[in-house]
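Q: Please take a close look at the salt bridges of this model and explain where their partners lie and whether they are buried or exposed.

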Amino acid sequence: MLNQLPMPAQRWRLSVAPMMDWTDRHCRYFHRLLTRHALLYTEMVTSGALVHGDVARHLQYNTEEHPLALQLGGSEPADLAHCARLGEQWGYDEINLNCGCPSERVQRGAFGACLMAEPQLVADCVKAMVDVVSVPVTVKHRIGIDRTESYDFVRDFVGTVAQAGCRVFIVHARNAWLKGLSPKENRDIPPLRYELAYRLKQDFGDLTICVNGGITRNEQIAAHLRQLDGVMIGREAYHNPWLMADWDQVFFAAAPVERNREAVEAQMCDYMARQAAEHGTPWSTIARHMLGLRHGLPGARRWRQVWSDHRLKGLTPHQVMEHAHGPVSLLA
């Protein structure tokens, strides 16, 4: 039974992955309505965006989002140290370095998955950040790059980076093919090899090792937690967010919370109304993140259509919710 698992208090036990264009602060607010304990990650923020851009725009978040980690992308130790310090000053609970993104845009910036070919550079980046912040500095990475399938590659990467002070590694259990596959294909085509993450935990028992990639059910989470310290969920948490509704009870031994989808939707309407009043944010900018809330339920398609209909942008969020649950579709 899932609820018979041992449940140590551990920050990285369960988390939602950083996902570009998805896990912005509005998405994270929504996810926090479903789970109080799972760790949430920002989208990747490049060091250049913080060094040369609008810091507040990139680092602003809702206080309800804690525990919250800032994921950085970069390869210059001094710049990353500066950004890590900013992250800590803004109140983030963790600084994470992206060593897993395979996109060509990220490669041109000399960071992401291509950094796995330079473990000493990653170690230098980690040390530079560890030296200036008191919050944990963690690394998210792949098990290999291109056709390299040797366990020794990822073992040596983790060993080198750990010596620089990183104690937490989040392992996306696929290779990253830097040439020949799109970022989307890189999330599906390279085979999953969870056993390599398990071997890392065996070889580095004093490190916190978490796994990511292809995990869609609570039963899978439970199975991985018998081998590893934590599990990170990506696309399934976004497309089927109700999966998170019982995480606190099942995986963190929290008391049951009475909630239903309509109550969460109403809370999001309140949030959208506040954001519109305080910042002029259109409700559609926020509502897109909750379109999976009724995943698998009868009427979910029509419900999504209403919430996606920009012809309704003149209505308040609560009025849109009334139409979404009403008997007659405005889209007919």
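A: A residue is called buried when its relative accessible area is under 20%, exposed when it is over 50%, and partly exposed in between (1.4 Å probe, protein chains only). The model is predicted, so local features need pLDDT of at least 70 and side-chain atom pairs count only at pLDDT 80 or more, while totals for chains, interfaces and linings use all residues. Residues are numbered from 1 along each chain as its sequence is written, and side-chain values use heavy atoms, leaving out hydrogens and water.

A salt bridge is a side-chain nitrogen of Lys or Arg within 4 Å of a carboxyl oxygen of Asp or Glu. By this rule there are 9 salt bridges. In one of them, Asp24 pairs with Arg288, with the closest N and O atoms 3.7 Å apart. This pair links distant parts of the chain, 264 residues apart: Asp24 is in the loop between strand S1 (14-16) and helix H1 (25-34), and Arg288 is in the loop between helix H14 (283-287) and helix H15 (300-308). Helices (H or I, at least four residues) and strands (E, at least two) are DSSP runs, numbered from the N terminus. Asp24 has a relative accessible area of 15% and is therefore buried, whereas Arg288, at 36%, is partly exposed.

Helix H1 also contains Arg28, whose partner Glu65 lies in the loop between helix H3 (55-59) and strand S4 (68-73), 37 residues apart. The closest N and O atoms of Glu65 and Arg28 are 2.5 Å apart, and both residues are buried.
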